[in-house]
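Please open the model in your viewer and keep the selection tool at hand. The tour below moves from stop to stop and says what to select at each one.

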Amino acid sequence: MHKLIGAPVSLYTGKVRCYLQFKGISFEEVLSTPQIFKELIIPRTGVRYIPVLVTPDDQVIQDSTEIIDHLEHHFSNRSVYPAGPCQRLVALLLEVYGDEWLVNPAMLYRWKIEENREFAIQEFGRTRLPGASAEEQYAAGLEASGPFAGALPRLGITDHSRAAIEQSYLSLLDELNIHFSDHDYLLGDQPCIGDFGLIGPLYAHLYRDPASGCLMRERAPQVACWVERMISPDASSHDGGFLPNDQVPETLLPIINRMFDEQVPVLLETARQLKEWTEANPDAEDIPRAIGTLRYRLGDMEEERLVFPYNLWMWQRAHDFYGELTGDHRAGITAILNDAQIHALATPLSVRLQRRNNKLKRHTESGQ
Ligand SMILES: N[C@@H](CCC(=O)N[C@@H](CS)C(=O)NCC(=O)O)C(=O)O
């Protein structure tokens with residue numbers, strides 16, 4: 001049986017858990033305790049991230065996207081990658097948006113709102129010391145959660161950016177609420193890879209943390225219902241498929257526009273800085289987690305954050321898919337994206353990335 005190593009409090013564990021449940025793949029969930037980190041995660045992956053999937057033939061995979069792609073290969077029924085090019089592009093884009101951008105409101109609401117923060121500390125404690133007293137767990141949780149709470153400035157989440165991130169999230173909730181009033185999932189009656197990208201932040205943090213959960217249920221009840229469909233293993237609405245004729249609902253357009261307005265400029269600047277970084281470090285194969293700083297904008301607000309090249313590995317998937325489209329398929333995209341958005345998607349990536357042994361590396365011509 002597959003083993004999913006992770007934690008209830010973890011964003012990307014939530015993404016993979018929902019996927020496994022949707023596909024009907026039987027799995028056992030193993031809590032990522034310090035012992036599991038020491039005995040399995042670190043020796044077998046070389047990194048300290050969750051989730052980790054251990055397959056029945058003892059392959060060990062870290063990274064939610066790689067886990068899903070591995071499983072899609074073996075469980076091809078009801079693929080989460082739509083066959084229609086417009087739907088597939090939208091699905092890939094919204095995975096990047098959920099995974100790499102909605103982590104901002106997720107982290108802000110978790111660590112800046114006291115009720116959520118207290119809950120998260122207890123949850124970190126329950127993961128680190130299952131079975132210990134509440135007091136011991138709290139102390140352990142405080143220590144374990146320190147690096148996560150401390151990561152906010154690196155993501156550009158500061159007192160200065162707080163109001164703008166909240167405003168953006170509330171508007172997104174409103175947009176998603178309209179969409180999910182008409183559709184069970186992003187692209188119809190079954191979840192696509194974009195649903196799994198969104199569910200990480202929108203479940204593990206923004207639904208499950210108590211104050212955020214109240215906010216979601218009150219302001220955007222249809223989004224809360226979608227979360228419940230995503231996390232419920234035997235929801236009857238899992239029977240349908242994607243909308244016919246490669247249709248992308250109009251209600252998704254404001255969300256795609258939001259991604260292009262907010263996140264895509266960061267991705268393009270990341271690509272520019274990564275090019276400079278590789279020119280300055282021509283022999284370096286491994287790409288560090290962060291390579292510098294950039295300024296990002298939300299409405300009138302500007303703030304600094306670190307530059308994370310991993311974001312581009314995700315963007316490269318959508319970018320390459322667009323690049324491979326020809327003729328009519330490419331023309332169809334103009335019904336969803338405007339010229340500036342298509343231009344951003346078509347902008348060449350001068351540094352190509354790959355993941356090998358759970359490390360981000362340059363992808364060179366020789367494939368090495
Ligand atoms: N892109 C990775 C991200 C994994 C990740 O950042 N996981 C978090 C928990 S949700 C973690 O382990 N963080 C540890 C750290 O940042 O040091 C994935 O999709 O699996």
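Throughout this tour, helices (H or I, at least four residues) and strands (E, at least two) are DSSP runs, numbered from the N terminus. The structure is a predicted model, in which local features need pLDDT of at least 70 and side-chain atom pairs count only at pLDDT 80 or more, while totals for chains, interfaces and linings use all residues. Residues are numbered from 1 along each chain as its sequence is written, and side-chain values use heavy atoms, with hydrogens and water left out.

**Loops with unusual backbone angles**

Begin by selecting N357, which lies in the loop between strand 7 (353-356) and strand 8 (359-362); its phi is near 50°, a positive value in a residue other than glycine. Go next to D246, in the loop between helix 11 (221-231) and helix 12 (253-262), where phi is again positive, at about 55°, although D246 is not a glycine. Then select P51, in the loop between helix 2 (34-45) and strand 3 (52-54), and look at the peptide bond joining I50 and P51, which is cis with omega about 5°.

**The ligand**

From I50, move to the ligand and display the residues that are near it, meaning that one of their heavy atoms lies within 4 Å of it. There are 13 such residues around the ligand, and the closest are S10, I50, Q62, S64 and Y310. By class, this shell holds seven nonpolar, three polar and three charged residues, where Ala, Val, Leu, Ile, Met, Phe, Trp, Tyr, Cys and Pro count as nonpolar, Asp, Glu, Lys and Arg as charged, and the others, Gly among them, as polar.

Which atoms of I50, D63 and S64 should you pick for distances to the ligand? For I50, choose a backbone N or O atom, which lies 2.8 Å from a nitrogen atom of the ligand; for D63, choose an N or O atom in the side chain, 3.1 Å from a ligand nitrogen; and for S64, choose a polar side-chain atom, 2.5 Å from a ligand oxygen. The ligand taken alone exposes 510 Å², of which the protein buries 79%, with accessible areas from the Shrake-Rupley method with a 1.4 Å probe.

**The pockets**

For the next stops, a 1 Å grid is laid over the protein atoms alone: a cavity is a set of points where a 1.4 Å probe fits but cannot get out, a pocket is an open set with protein on both sides within 12 Å along at least five of seven lines, and lining residues have an atom within 4 Å of a point. The ligand occupies the largest pocket, in the sense that more than half of its atoms lie within 2 Å of the pocket's grid points. This largest pocket contains about 1800 Å³ of space, and of its 49 lining residues, R48, Y49, I50, F148 and R289 are the closest to its centre.

Now select D69, Y81, R88, L92, R317, D320, F321 and E324, which line the second largest pocket, with a volume of about 190 Å³. Helix 14 gives the most to this lining, with four residues, and five residues of the lining are charged, three nonpolar and none polar.

**The largest cavity**

Finish at the largest cavity, with about 90 Å³ of space. It is lined by 13 residues, and W101, P105, I165, S168 and E262 are the closest to its centre; helix 8 provides the largest share of the lining, four residues.

Terms used. A polar contact is a pair of N or O atoms within 3.5 Å; within protein, one must be able to donate a hydrogen and the other to accept it, and residues adjacent in sequence count only if both atoms are side-chain atoms. Grid points are joined across faces, edges and corners, and a volume is the space filled by probe spheres set on the points.
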